[in-house]
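Reader: I'm new to reading structures and would love a close look at one part of this one. Could you walk me through the places where the ligands sit and what lies around them?

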Amino acid sequence: MKLSSRTKILHAIVAISMILLLIIGIYMSENEVFALYPLHKSIGVIVFAFAMLRIIIRIKEGWPKVIGNASKAQMLMAKLVHWGLITLTALYPASGMMMSGGGGHGIYIFGVELLSSNYDDVTGKAMALNETVASIGHTLHEALTIVLILFVVVHIAGALKHHIFDKDETIKRMFSFR
Ligand code: HEM
Ligand code: HEM
């Protein structure tokens, strides 16, 4: 079974962006590098759009058929990880938007306003539009970090196992763009 070009291109874009945002996100919040926040958020909102497109394509095309004769347990594991990863690509940016939008910081893509901010004229501080939405978003955004790292590590290890031990086309068919 060949994979469609849109499956391959969207997988590459979303995979690279998610790994990049994971690194930028941890770095900027650990070290309080506020200058990176707009970049992190802008890429994140764009990823949300791509993730939505990808979910629609998965519903239309179904999941890629596994190459080789994997055991039932391996099939189940791959399925679980793929479902987990695709859900995280939507849930992660959604929680970020809840945190920023609900917290009164607004939602922007490189300066283009999607939801306006709500700063106090006197203090200049953000005033929450909805505390509950912001706090659920914040909690989720932080809690998902370890889950995403875990899923990505297992996913990459699985892909490498196909390539190195099974010596099959799993990685090649996902990354061949000719
Ligand atoms: C260097 C990193 C990565 C490699 C080498 C890689 C490799 C692959 C391969 C070979 C497949 C096809 C599996 C099959 O044929 O059954 C696949 C599918 C998939 N990957 Fe990755 N992947 C990487 C990163 C990521 C990341 C970061 C995400 C999401 C956060 C992700 C999400 C998915 C999903 C959801 C699928 C299922 C098919 C689809 O929806 O396109 N991958 N990956
Ligand atoms: C699309 C995928 C995204 C990923 C993978 C991601 C990842 C991360 C990570 C790992 C952190 C550090 C969390 C911590 O340990 O404190 C973080 C922080 C943050 N992210 Fe995201 N993010 C994404 C999208 C977004 C979006 C769309 C927004 C807002 C529009 C956003 C806003 C923020 C903010 C404001 C912080 C800092 C939180 C704090 O300082 O406590 N993120 N992100």
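**Around the two ligands**

Author: Let's start with ligand 2, where a nitrogen atom of the ligand is 2.8 Å from an N or O atom in the side chain of His-40. Keep in mind that this is a predicted model. His-141 does something similar, with a polar side-chain atom 2.8 Å from a nitrogen atom of ligand 2. Tyr-37 deals with an oxygen atom of ligand 2 instead, and an N or O atom of the Tyr-37 side chain is 2.8 Å from that oxygen. Ligand 2 has 23 residues around it, and the closest are these three plus Ser-29 and His-138.

Now hop over to ligand 1, which has an iron atom to look at. Two protein atoms act as donors to that iron, NE2 of His-11 and NE2 of His-155, and they lie 2.0 to 2.1 Å from it. Follow the chain and you'll see that this pair links distant parts of it: His-11 is in helix H1, His-155 is in helix H4, and 144 residues separate them. The iron has six donor atoms, and with angles of 87 to 179° among them the site is octahedral. For comparison, ideal angles for six octahedral donors are 90 or 180 degrees.

How exposed are the two histidines? His-11 has a relative accessible area of 12%, and since the cut-off for buried is under 20%, it counts as buried. His-155, at 26%, counts as partly exposed. Beyond its neighbours within four places in sequence, His-11 is in contact with His-155, and also with Arg-54, Met-174 and Phe-175.

Arginines show up around ligand 1 too. 21 residues surround this ligand, and Arg-54, Arg-58 and Arg-173 are among the closest, along with His-11 and His-155. Each arginine has a polar side-chain atom by an oxygen atom of ligand 1: the distance is 3.2 Å for Arg-54, 3.0 Å for Arg-58 and 2.7 Å for Arg-173.

Finally, His-155 leads us to the nonpolar core. Leaving out residues up to four places away in sequence, Leu-85 touches His-155 as well as Leu-148, Phe-151 and Val-152. Leu-85 belongs to the largest nonpolar core, a set of 14 residues, and is one of those touching the most other members, together with Met-18, Val-47, Tyr-92 and Leu-148. Helices H1, H2, H3 and H4 each give two or more residues to this core.

Note on methods
Residues numbered from 1 in each chain as written. Chains lettered and ligands numbered in written order. Predicted model: local features only at pLDDT ≥ 70, side-chain atom pairs only at ≥ 80, totals over all residues. Heavy atoms only, no water. Buried < 20%, exposed > 50% of the residue type's maximum accessible area, 1.4 Å probe, protein only. Contact = heavy atoms within 4.5 Å. Core = buried A, V, L, I, M, F, W, Y, C linked by side-chain atoms within 4.5 Å. Helix = DSSP H or I, 4+ residues; strand = E, 2+ residues; numbered from the N terminus. Donors = N, O, S within 2.8 Å, 3.2 Å for Na, K, Ca; no water. Tetrahedral: all angles 85-135°; square planar, octahedral: opposite > 155°, others 65-115°. Near = heavy atom within 4 Å. Polar contact = N/O pair within 3.5 Å; in protein donor to acceptor, adjacent residues only side chain to side chain.
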